[in-house]
Amino acid sequence: MKPLENVVVLDLSRVLAGPYATMVLADLGADVIKIEQPKIGDDSRQFGPFVDGESAYFMSLNRNKRSITLNLKDPKAKEIFKEMVKKADVVVENYRPGTMEKLGLGYDVLKEINPRIIYAACSGFGQTGPDSKKAAYDVIVQGAGGIMSITGHEDGEPTRVGASIGDITAGLFTAIGILTALYNRTVTGKGQMVDVAMLDCQVAILENAIARYVTTGVAPKPIGNRHLSITPFEAFKAKDGYIIIAVGNDNLWARFCNLINRPELINDERFATNPLRTQNQKALKAILDTVFPTKTVDEWIEALEGAGIPCGPINTIDRVVNNRQVQAREMIVEVEHPVAGKLKMAGVPIKLSETPGSVDTPAPLLGQHTEEILKDFVGLTAEQIAELREKEAI
């Protein structure tokens, strides 16, 4: 049994932030019913890369879910949705604020239908505030949220983080908010609204950047791969790639200097303590840049790990997928899709000892479970379903 096995989620979200949140819930056992626009579906079904016409992007975010098509602009489809809300635990949407209200399906309406419903809205700028109605995409929020201003090389251009963390962090915080609201409901018996903004989530993960600004009055800038206050703590170019080292204290420093056959650096007045090494980081890097190219990444890792010095490679994605630790933790899994065939994707990172999550089913085809859900969940007859299809309500 999975921990969320008795939780029913109606998922109106599309593309990334909302689907990522509901994927987390689905992996942990929730029955996620993905409600999509007839004939069109989730926008990300049109995003590449494609395997036999099916989007790998979509498939990687929508496993373990069921798909039903509903035209929520149609009065009959709206009534069906309201019937589904009566039996559901959670509704998730990531429309621009006000969209659900225009459809007559906002939280104020749905909570009257089911006072226990958890209504999660994940948007760019939140349900309140002067910018709430603005549209947002990942890169817009990364820019507005400050993360791009501290990412990249020193004196370089502002740089987007490679993964879509504007969307993904919002998805994670949305999942946390839903689980918190579900737990609170076990105590109070009442549902509530979960309002998550992508911008808020970017601010929340700025951690010491905000601390540095509010204590010094100076806005942090990009510093590349190094640490602001620990040295050496960055990437260096080896013979065949890059290696990261993290010399976090003076004992490790002495051990490191002996390992690289530069014992004179231990008590060098520029590098004798961590504050001095940080103050003279550029001078130290110039020295170490002549040391690391003498060996390969694997040779350095073997030597450094043998000396107990934290280190690691900068793996390309192909090496991540085939990494022994990643595979041992079942973080790359394979599912069989009815059209695309076998597809590998990231696994479930939350490891529970008694009720583990898992990836059991592939992402659904558009509307794959429409009749099944309308029959078993809503209680419609085959004739009623046929009539709805004829009128393009589903």
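## Strand pairing, salt bridges and cores in a predicted model

Lys-237 has Tyr-242 in β10 as its bridge partner. This is a predicted model, in which local features need pLDDT of at least 70 and side-chain atom pairs count only at pLDDT 80 or more, while totals for chains, interfaces and linings use all residues. Residues are numbered from 1 along each chain as its sequence is written, and side-chain values use heavy atoms, with hydrogens and water left out.

**The sheet**

β9 pairs with β10 (residues 242-246) in the antiparallel sense, over 5 bridges. Two strands count as paired if DSSP finds at least two bridges between them. Strands are DSSP runs of E with at least two residues, and helices are runs of H or I with at least four, numbered from the N terminus. The open sheet has 3 strands in the order β9-β10-β11, with antiparallel pairing. β9 (233-237) and β11 (311-313) are the edge strands, each pairing on one side only. On average, neighbouring strands of this sheet are turned by 25° against each other, direction ignored; the axes are lines fitted to C-alpha atoms, for helices over the stretch in contact, and angles run from 0 to 180 degrees between N-to-C directions.

**Salt bridges**

The whole structure holds 20 salt bridges, each defined by a side-chain nitrogen of Lys or Arg within 4 Å of a carboxyl oxygen of Asp or Glu. The table gives three of the pairs, including one with Lys-285.

| Pair | Closest N and O atoms |
|---|---|
| Asp-360 and Lys-2 | 2.4 Å |
| Lys-39 and Glu-392 | 3.4 Å |
| Asp-289 and Lys-285 | 2.9 Å |

Asp-360 sits in the loop between β13 (341-346) and α16 (370-378), and Lys-2 in the segment before β1 (8-11), so this salt bridge ties together parts 358 residues apart in sequence. Lys-2 is buried at 12% relative accessibility; buried means under 20% relative accessible area, exposed over 50%, and partly exposed in between (1.4 Å probe, protein chains only).

Lys-39, in the loop between β2 (31-36) and β3 (50-51), and Glu-392, in the segment after α17 (382-390), are 353 residues apart. Lys-39 is exposed, at 72% relative accessible area. In the remaining pair of the table, Asp-289 is partly exposed at 34%, and Lys-285 is partly exposed at 27%. A network of salt bridges links Asp-31, Arg-66 and Glu-372.

**Nonpolar cores and α16**

A nonpolar core is a set of buried Ala, Val, Leu, Ile, Met, Phe, Trp, Tyr and Cys residues joined through side-chain atoms within 4.5 Å. The largest has 33 residues; among those that touch the most other members are Leu-10, Ile-33, Phe-81 and Met-84. α3 (75-87) gives the most to this core, with 5 residues. Residues touched by Met-84 include Leu-10, Ile-68, Ile-373 and Phe-377, leaving aside those up to four places away in sequence; contact means heavy atoms within 4.5 Å. Another core, of 26 residues, lies apart from the largest and includes Leu-4, Ala-17, Leu-28 and Ala-170.

In α16, the buried residues are Thr-370, Ile-373, Leu-374, Phe-377 and Val-378. Viewed down the axis of α16, these buried residues fall within an arc of 105°, so they line one face of the helix. The arc is that of the directions from the helix axis to the C-beta atoms. An α-helix has 3.6 residues a turn, so residues three or four places apart point the same way. The buried residues of α16 pack against β1, β2, β5 (65-69), α3 and α17, whereas Lys-375 and Asp-376, on the other side of α16, are exposed. Just after α16, Gly-379 takes a positive phi of about 90°.
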